[in-house]
Amino acid sequence: MGRIGKMYHSNLKLFIMFSIVIVVVLTVIHYVLMFFFCSDTGVISVQSATCGRTSSQICSIGRPPSETSYTQCSIDVTAVFKRCNGLRECELNTQGLAPKDPCFGTYKYYTTNYICIPAETSVTCHGGYSYLKCENGKIQINTANYGRTDKIICSEGRPSEQLQNTNCYSPNALAPVSKSCNGLESCEVFATHTVFTDPCFGIYKYLSLTSANMNQRF
């Protein structure tokens with residue numbers, strides 16, 4: 001099933017159940033780093049991500065009752081989906097990650113539920129074609145991004161100023177790739193801003209895809 005690492009932090013709790021896919025629930029206090037990972041054969045698929053408090057016991061050590069007694073506090077954190085889906089590992093700073101404070105005065109924590117799904121990763125530098133093929137089934141695109149999230153990928157021969165922005169995400173990359181590839185045995189996608197919107201002008205971009213066999217049973 002792959003190597004399972006352990007993270008230790010005050011009031012950090014990591015619960016892992018095993019099946020054909022790995023189901024992980026990660027609860028972490030405010031203002032620390034969250035780290036998710038899958039084995040070499042899987043990628044992250046976030047099922048839910050929230051910030052708030054639904055238990056008076058979790059992340060309560062050293063906190064007065066006034067900060068832990070209110071347990072009807074929860075807000076979805078869509079940034080976790082956007083930044084982690086389709087990656088083999090993902091590290092996030094929780095500071096400022098939630099869109100707003102769901103319950104002022106209450107000590108909050110982040111809870112993320114994700115699974116690791118078998119998938120193939122494809123990276124194509126700007127101007128190239130991404131070729132996908134499924135030998136015994138149909139293609140299902142899991143994630144797609146035309147942008148840059150790494151300084152090393154597709155960097156050869158490029159000046160450093162074209163590689164600095166690693167927070168470059170295309171807001172609508174999944175739709176055209178899914179339309180071109182889902183349900184087919186093979187497909188090709190052109191990695192260019194004529195197909196995808198340009199999310200970061202002046203940065204050299206690449207198309208990153210994760211796909212799975214839609215006939216695979218999890």
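Helices here are DSSP runs of H or I with at least four residues, numbered from the N terminus. With that in hand, let's walk through this predicted model, starting at helix α3. Just after α3, G183 takes a positive phi of about 85°.

Now step back into the helix itself, which spans residues 174-181. Its buried residues are V177, S178 and C181. Viewed down the axis of α3, these buried residues fall within an arc of 100°, so they line one face of the helix. That fits a familiar rule: an α-helix has 3.6 residues a turn, so residues three or four places apart point the same way. Turned away from the buried side is a face carrying the exposed residues A175 and K179. And what do the buried residues of α3 pack against? Their partners are the strands β9 (129-133), β10 (139-147), β11 (186-190) and β12 (206-213).

Let's move on to the strands β4 and β7. Strand β4 (residues 42-53) runs antiparallel to β7, and ten bridges join the two. One of these pairings links S48 to N113 in β7. Strand β7 (residues 109-118) is mostly covered, with seven of its ten residues buried.

Both strands also feed the largest nonpolar core, along with β3 (33-37), α2 (78-84) and β6 (89-93), each giving two or more residues. The largest share, four residues, comes from β4. Among the 19 members of this core, F36, I44, V77, V80, C84 and L97 touch the most others. Setting aside neighbours within four places in sequence, C84 is in contact with F36, I44, V46, C90 and L92. A second, separate core has 15 residues, including I141, A173, C181 and L209; C181 is also one of the buried residues of α3.

Note on methods: Residues are numbered from 1 along each chain as its sequence is written. This is a predicted model: local features need pLDDT of at least 70, side-chain atom pairs count only at pLDDT 80 or more; totals for chains, interfaces and linings use all residues. Side-chain values use heavy atoms; hydrogens and water are left out. Buried means under 20% relative accessible area, exposed over 50%, partly exposed in between (1.4 Å probe, protein chains only). Two strands pair if DSSP finds at least two bridges between them. The arc is that of the directions from the helix axis to the C-beta atoms. Contact means heavy atoms within 4.5 Å. A nonpolar core is a set of buried Ala, Val, Leu, Ile, Met, Phe, Trp, Tyr and Cys residues joined through side-chain atoms within 4.5 Å.
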